[in-house]
Amino acid sequence: MTSPSNTPLGHAANGAGPAQVPPGPAQGLLNLKDRIPKLEPRRRRAEPTNPIPVPETPPAPPRPDPATVAFTVPRRRILSPSDHQLFLSSPTYKLILSFIFGLSESVLDKPISSVKENDLSPTVRSILSILEEIDYLCRDSPPDDQGGSRFGNKVFRVFLDKVKQRSPTWHTTLFNLPDSSSSSSSSSSSSSSPSATATASEELSAYLTHSFGNRSRIDYGSGHELNFLMWLLCLYQLSLLERGDFPALVLHVFTRYLAVMRRVQSTYYLEPAGSHGVWGLDDYQFLPFLFGASQLVHHPFITPRAIHQELTLEEFGGEFLYLSQVAFVNSTKTVKGLRWHSPMLDDISSAKNWAKIEGGMRRMFVSEVLGKLPVMQHFLFGGLIPAAEGMSDPAEMGLKSEEEEEEEGGEVQVFDDQEGVRHVHQPSGWGDCCGIKVPSSIAAAEEMKKRGAGEQLRRIPFD
């Protein structure tokens with residue numbers, strides 16, 4: 001037998017004839033380059049653009065002469081859509097935007113530790129001492145046992161009464177504001193009814209007292225948070241605060257206010273002032289996300305997606321408001337994962353950079369805070385934050401103030417309107433149509449902790 005190695009090239013081993021040699025290109029081999037489609041790099045889909053421009057910061061208007069201010073008891077003046085439109089075109093609207101956006105710009109790229117305690121002005125120190133005493137008043141007013149109920153605890157009213165009682169003293173002793181109602185500025189008021197005249201300390205006390213929630217409804221929302229900023233704005237209008245204090249107001253004062261509010265919320269189970277979650281961001285707060293995004297605009301390595309990283313939240317939450325607020329939101333939920341309990345926060349985390357988030361928060365503040373009648377119908381106007389000419393007067397219309405509302409809102413009213421739409425009204429609910437009382441998510445988390453399940457958040461089965 002002939003071995004394969006000795007077989008002549010082109011002949012079969014068994015001598016049956018020439019071997020079959022694969023044809024070469026010249027023998028008809030298909031050119032696959034003409035059959036395979038040409039590969040092209042995938043084009044990145046352009047990010048959707050928002051046609052609404054980012055609101056700019058209006059120039060700060062000149063501050064009034066305190067001797068010419070007609071101080072009044074702050075009260076609601078936005079009672080109709082026409083009142084709201086008057087407000088949106090008024091100098092007060094621009095004043096509020098200038099102050100809030102000015103605060104946000106003042107902390108651009110600044111962590112909390114960038115403002116040292118030794119650099120705080122006397123007024124800022126006085127504000128912090130007030131917040132410290134309010135924190136003590138909360139600890140000194142423990143809640144009643146309410147048998148696991150997640151609705152608001154009525155001892156909150158005791159706490160709020162203590163704040164209201166102490167507030168005039170804080171303003172007269174720490175800020176040296178007059179407490180006598182015989183001041184010439186209040187008696188010279190021509191735009192307010194005689195019963196509405198007040199001193200500077202009484203006007204400022206109203207904003208401070210309304211910063212911690214509603215006494216009758218035992219709820220809290222971003223409207224109350226806005227009252228706290230309006231209290232600071234009043235101090236600025238009286239020249240007790242200066243532009244140089246703005247970083248400290250955000251990084252020290254506002255962060256301390258958030259800490260106090262978290263204690264108040266967890267102590268008295270304050271209900272959210274809205275039946276569908278304020279903004280879809282957080283049930284209670286908004287401004288930590290605006291100020292916090294500004295802090296992170298040019299951060300070298302913390303990206304918007306970092307809010308999903310627990311280690312990042314733990315390590316940098318003490319320096320950046322946005323991260324701190326996300327960590328707090330996570331701690332108050334009974335399920336694990338932002339995409340389940342805070343889908344809007346989860347969606348925002350896909351933004352390309354923090355500048356886009358900061359711009360989006362500005363748009364949201366304009367459209368969802370100042371631009372929403374259900375929120376602004378509770379806004380308070382006084383001498384330092386004046387109402388626009390032509391706004392409704394609640395006294396002339398026979399309307400009660402929020403403090404005069406009945407504690408028990410009565411029975412739920414269910415009825416169909418002329419168009420056949422079903423309405424469910426409960427007077428002790430929030431200020432929008434068909435609002436009903438909503439239990440506190442913080443209460444649910446606190447009750448879980450009491451049962452020893454605080455560290456065992458439920459995971460979605462398919463997560």
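**Figure 1. E133 and R166, a salt bridge between two helices.** At 26% relative accessibility, E133 counts as partly exposed in this predicted model. What does E133 pair with? E133 forms a salt bridge with R166, and their closest N and O atoms sit 2.9 Å apart. The pair joins distant parts of the chain: E133 belongs to helix 3 (residues 122–139), while R166 belongs to helix 4 (residues 155–174). Along the chain, the two are 33 residues apart. R166 is partly exposed as well, with a relative accessible area of 31%.

**Figure 2. D393 and R75, a salt bridge between a loop and a strand.** Here D393 forms a salt bridge with R75, with 2.8 Å between the closest N and O atoms. Where do D393 and R75 lie in the chain? D393 is in the loop between strand 4 (380–381) and strand 5 (413–416), and R75 is in strand 1 (residues 75–76). That puts the partners 318 residues apart, so this is a link between distant parts of the chain. Is D393 buried or exposed? D393 is buried, its relative accessible area being 12%. R75 counts as buried too, at 14% relative accessibility.

**Figure 3. E358 and R362, a salt bridge within helix 14.** Take a look at E358 and R362, which form a salt bridge with their closest N and O atoms 3.0 Å apart. Both residues are in helix 14 (residues 354–370). Because they are four residues apart there, about one helical turn separates them. E358 counts as buried at 12% relative accessibility, and R362 counts as buried at 5%.

**Figure 4. E105 joins E358 and R362 in a network.** Which residues make up this network of salt bridges? They are E105, E358 and R362. One of the links is the pairing of E358 with R362 from the previous view. As a general point, side chains of opposite charge can pair when their charged atoms come close.

**Figure 5. The chain around these close-ups.** Stepping back, the structure holds 12 salt bridges, among them D393 with R75 and E133 with R166. The chain has 16 helices and six strands. Of its 463 residues, 47% are buried. Among contacts with a separation of 6 or more, 77% are between residues 24 or more positions apart. The accessible surface of the chain comes to about 24300 Å², and carbon and sulfur atoms account for 53% of that surface.

Terms used: Residues are numbered from 1 along each chain as its sequence is written. This is a predicted model: local features need pLDDT of at least 70, side-chain atom pairs count only at pLDDT 80 or more; totals for chains, interfaces and linings use all residues. Side-chain values use heavy atoms; hydrogens and water are left out. A salt bridge is a side-chain nitrogen of Lys or Arg within 4 Å of a carboxyl oxygen of Asp or Glu. Buried means under 20% relative accessible area, exposed over 50%, partly exposed in between (1.4 Å probe, protein chains only). Contact means heavy atoms within 4.5 Å. Accessible areas come from the Shrake-Rupley method with a 1.4 Å probe; for residues, only the protein chains shown count as cover.
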